[in-house]
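Reader: I should like to go through this model step by step, beginning with a single residue and ending with the chain as a whole. Please give the reasoning behind each reply.

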Amino acid sequence: MSNLSTFFGGAPSPVASIQRGVTAVGGSGATATINAVDLAKSYIQATCSQGETSLYTPNYRAYGYSVLANATLTNTTTVTLTPGQSRGGSTVAWEVIEYV
């Protein structure tokens, strides 16, 4: 990696690595393997890029329903995605950022 910030007199980047992926998550969940990170210096963010959202009204009561997924750094090399609902599935875009 180029160290242009030091060359131009700026501060070095506080980010050690960024890893991204897109994973299909079914009813039983899914995992993704990443390069090892320091869990104390890392975090994960995720967004459900495809899923199902609906509203139904049995007995004249409104209920919201959506398919979401939770993203967790299970260990230094595993991203675990678990579905928020058991119906259907979703596609989750995730990103792990590790700081220096």
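Reader: Is Lys41 buried, partly exposed or exposed?

Author: This is a predicted model, and the reply rests on computed areas. Lys41 lies in the loop between β2 and β3 (42-50). A residue counts as buried under 20% relative accessible area and as exposed over 50%. Because the relative accessible area of Lys41 is 39%, Lys41 is partly exposed.

Reader: Leaving aside its neighbours within four places in sequence, which residues is Lys41 in contact with?

Author: Contact requires heavy atoms within 4.5 Å. Once the neighbours within four places in sequence are set aside, the residues in contact with Lys41 are Ile97, Glu98, Tyr99 and Val100.

Reader: How far apart in space are Lys41 and Ala16, C-alpha to C-alpha?

Author: In sequence, 25 residues separate Lys41 and Ala16. In space, their C-alpha to C-alpha distance is 9.3 Å.

Reader: Which side chains meet in a salt bridge?

Author: The structure holds one salt bridge. Its N to O distance is 2.6 Å, and the cut-off for such a pair is 4 Å. The side chains that meet there are those of Glu95 and Arg20.

Reader: How many residues apart are Glu95 and Arg20?

Author: Glu95 belongs to strand β8, whereas Arg20 belongs to strand β1 (residues 15-25). The pair thus links distant parts of the chain, and the separation is 75 residues.

Reader: Is Glu95 buried or exposed?

Author: The limit for a buried residue is under 20% relative accessible area. Its partner Arg20 has a relative accessible area of 62% and is therefore exposed. Glu95 has a value of 13%, so Glu95 is buried.

Reader: Which element gives the most to the largest nonpolar core?

Author: Nonpolar side chains tend to be buried together in soluble globular proteins. The largest nonpolar core here has 12 residues, among them Val25, Ile44, Leu73 and Trp94. The elements giving two or more residues to this core are β2 (30-33), β7 (78-83) and β8 (90-99). With three residues, the element that gives the most is β8.

Reader: Among contacts between residues at least 6 apart in sequence, what percentage join residues at least 24 apart?

Author: The protein chain has one helix and eight strands, in the order α-β-β-β-β-β-β-β-β along the sequence. Of its 100 residues, 24% count as buried. Among contacts between residues at least 6 apart in sequence, the share joining residues at least 24 apart is 68%.

How values were computed: Residues are numbered from 1 along each chain as its sequence is written. This is a predicted model: local features need pLDDT of at least 70, side-chain atom pairs count only at pLDDT 80 or more; totals for chains, interfaces and linings use all residues. Side-chain values use heavy atoms; hydrogens and water are left out. Helices (H or I, at least four residues) and strands (E, at least two) are DSSP runs, numbered from the N terminus. Buried means under 20% relative accessible area, exposed over 50%, partly exposed in between (1.4 Å probe, protein chains only). A nonpolar core is a set of buried Ala, Val, Leu, Ile, Met, Phe, Trp, Tyr and Cys residues joined through side-chain atoms within 4.5 Å.
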